[in-house]
Amino acid sequence: MPNTPMPNKNALQHADLDWDENGQPQSRQYGDVYFSRLSGQEETRHVFLAQNHLAERFSALLPGQRLAIGETGFGTGLNFLCAWQLFEEQAPAGARLHFISVEKHPLTPQDMARALALWPTLSPFAKPLLEQYSAVHPGFQHFILGHGRVTLTLLIGDVLDSLPQLDARIDAWFLDGFSPAKNPQMWQPELFRQLARLSSQGATLGTFTSAGFVRRGLIEAGFSMQRVAGFGHKREILQGRFDGIQNTSYKPWYARPEHKQAERHAIVIGAGLAGCSTAFSLARRGWRVTLIERHEEIAQEASGNPQGVLYLKLSAHGTALSRLVVSGFGYTRRLLHNLRRGEDWQDCGVLQLGFDAKESARQQELARHFPASLLQLIDQETAERRCGMRLGSGGLFFPEAGWVHPPALCQWLAGYPGIEQLMHHQALQLQRLDGEWQVLEHGAIIAQAPLVVLAGAADCAHFSQTDWLPLKRIRGQITRLPANAASSELQCVVCAEGYVAPGRSGEHTLGASFNFQRHDSEPSQEEHASNLAMLEEISGDLHRRLTPSLDGLEGRASLRCTSPDYMPLVGPLANAEAFAHVYANLARNARHTPEHPCPWHQGLYINTAHGSRGLISAPLSGELLAAWIDDEPLPLPRDIAEACHPNRYLLRSLIRRTT
């Protein structure tokens with residue numbers, strides 16, 4: 001009997017639409033409309049904005065405060081845009097809006113633009129959304145809008161799969177989606193339980209349906225519900241408030257630190273991609289940030305290469321790293337719209353060659369698992385046509401990927417208002433005194449603040465508070481090759497064991513080596529030779545066009561930082577000695593969950609160990625870290641956040657003592 005492939009829960013199926021004579025969309029999947037044919041905008045204002053009292057609540061926010069809205073069914077984005085418009089009208093400067101929405105069948109960019117064109121008054125909000133509406137793939141997708149004041153997190157997938165992964169406190173719910181009669185799979189008791197789990201005390205709810213089983217299910221979950229007048233032909237809708245008991249609990253070593261900072265001033269140590277991303281994410285939340293760098297300029301080490309590649313190393317098995325990569329790729333791609341296309345970045349596509357049987361089999365599995373909008377399996381002839389060079393095989397093509405000039409991204413991130421750059425100072429020691437961290441260089445205090453983030457790659461382990469961190473260095477060297485007329489026909493990034501990128505400023509970037517023995521940053525002839533051999537394996541045709549010689553080659557070497565499990569370290573830091581004492585019972589019983597709170601280093605956090613994928617993981621990790629610090633909804637599934645948490649290594653160290 002032939003093997004039947006398992007259905008892919010991560011496959012992306014866009015909304016399949018019909019358009020009526022008035023240009024309004026209807027879902028073919030559900031046979032239902034997205035909004036009232038009378039007036040979708042007025043329906044949204046009545047059902048969701050008014051029933052959640054958002055005008056009053058937005059105006060009551062103080063600078064630095066936020067309101068989090070959760071939604072089931074993003075659809076055309078109409079509800080989000082109406083909420084954003086009202087927020088801009090009513091909320092004071094410095095207040096923030098966080099909107100989280102689940103969508104199983106996202107609209108294509110073209111359909112989204114066509115639908116939103118129905119409401120010209122929303123154009124100032126629709127335009128920036130549409131500009132960023134790219135690289136939207138299964139999982140959590142994070143958007144920064146409204147000059148940093150508005151955060152949109154889309155959970156692309158089934159609502160009953162997505163909401164259990166969310167770690168958030170929701171203040172107002174838009175219970176949307178197609179009607180219970182058309183979409184019974186969504187309107188389930190488990191949905192109501194998840195709404196209750198995620199609700200803050202007193203959270204409100206509005207929904208267009210008045211179905212009895214929905215009302216009863218929400219009441220059972222802890223909401224007080226009432227029927228109110230509907231909109232248009234709809235006689236009644238439901239309004240609710242959560243008065244139930246919150247039952248969210250996480251193991252104490254992964255719980256959110258409860259301390260609050262009296263002063264919103266943070267020090268970030270290290271001005272590479274991780275540090276600049278962290279500084280940006282904090283500054284856009286109203287923090288004053290001091291960014292410390294030992295060099296005279298930012299992005300001088302591993303983040304200083306002339307071209308980095310948006311390379312997606314994926315797994316077909318839904319690993320935490322693979323899911324982090326997909327979400328991080330989307331977030332970075334959206335950030336790149338702030339840079340100069342062609343000079344600072346280019347979405348020329350990335351071709352990963354299927355250079356041997358093992359790699360070819362892996363790629364075929366990935367092509368079955370991921371949507372064609374993310375990656376496409378192409379044959380040799382198509383691959384050669386796409387890249388403009390003769391190749392030895394076909395491979396996987398990532399149409400939305402490309403190359404980036406990392407220093408340009410770092411400069412843009414670090415240029416956000418509220419970030420002070422303190423260059424040519426090396427943080428050598430940390431000490432905490434009277435509720436503040438002091439950063440010392442040769443015994444002298446160079447900065448102090450209630451909060452410090454370590455983002456200096458492997459140097460993060462140089463402090464007495466962090467000398468237990470299992471960080472390791474991997475040297476990487478790139479080679480810079482002058483472009484010529486023949487080599488300029490290269491149209492996309494091509495990867496095998498390494499990569500070669502189309503020309504930027506008259507040069508191709510080739511690399512990068514992996515050297516575990518050397519820990520210096522002086523370029524070597526041996527690694528140049530290794531890179532040239534790699535180029536010939538990628539494309540003998542391109543190698544001949546470039547006719548490279550070892551004489552006079554230029555390049556740069558730097559040290560990547562990674563962890564034993566290749567996941568980054570992002571989150572709050574604990575006191576390792578106190579951790580081992582408080583949770584000593586784990587060494588005897590790994591399943592034991594003590595009630596003692598984690599002994600945190602109050603106000604000390606980390607963002608490091610991004611390896612060779614920092615362009616993809618570091619920017620979103622800045623958002624993850626800021627969410628930990630500001631007690632916000634996490635921009636990634638909870639299990640991925642825990643897989644990045646530095647405490648995982650303290651736990652493993654204790655638990656291994658049982659074996």
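In this predicted model, Cys460 is a buried residue, with a relative accessible area of 1%. Its sulfur has Cys561 as the closest cysteine partner, but at 6.7 Å the two are too far apart for a bond. A similar story holds for Cys387, which is buried with a relative accessible area of 0%. The count of disulfides in the structure is 0. Cys387, too, is in no disulfide, as the nearest cysteine sulfur, in Cys492, is 5.1 Å away; a disulfide needs the two sulfur atoms within 2.5 Å.

Helix α5, spanning residues 123-132, offers a friendly example of a helix with two sides. Its buried residues are Phe125, Ala126, Leu129 and Gln132. Viewed down the helix axis, these residues fall within an arc of 130°, so they line one face of α5. Pro124 and Lys127, on the other side, are exposed. The cover over the buried residues of α5 includes helices α3 (78-90), α4 (109-116) and α10 (320-335), together with strands β6 (139-145) and β7 (150-156).

Aromatic rings also meet one another, giving 13 aromatic pairs in the structure. In one of them, the ring centres of Phe58 and Phe87 are 5.3 Å apart and the planes stand at 85°, so this pair is edge-to-face. Phe58 belongs to helix α2 (residues 54-60) and Phe87 to helix α3, so the pair links distant parts of the chain, 29 residues apart. Both Phe58 and Phe87 are buried. Ring pairs also join Phe48, Phe74, Phe80, Trp84, Phe99, Phe125 and Phe174 into a cluster.

Charged side chains meet rings as well. Arg114 lies over the face of Trp19, at 4.0 Å from the ring centre, and Arg560 lies over the face of Phe514, also at 4.0 Å from the ring centre.

Key: Residues are numbered from 1 along each chain as its sequence is written. This is a predicted model: local features need pLDDT of at least 70, side-chain atom pairs count only at pLDDT 80 or more; totals for chains, interfaces and linings use all residues. Side-chain values use heavy atoms; hydrogens and water are left out. Buried means under 20% relative accessible area, exposed over 50%, partly exposed in between (1.4 Å probe, protein chains only). Helices (H or I, at least four residues) and strands (E, at least two) are DSSP runs, numbered from the N terminus. The arc is that of the directions from the helix axis to the C-beta atoms. Contact means heavy atoms within 4.5 Å. Rings of Phe, Tyr and Trp (its six-membered ring) pair if their centres lie within 6.5 Å; planes under 30 degrees apart count as stacked, over 60 as edge-to-face and the rest as tilted. A charge sits over a ring if NZ of Lys or CZ of Arg is within 6 Å of the ring centre and within 35 degrees of the ring normal.
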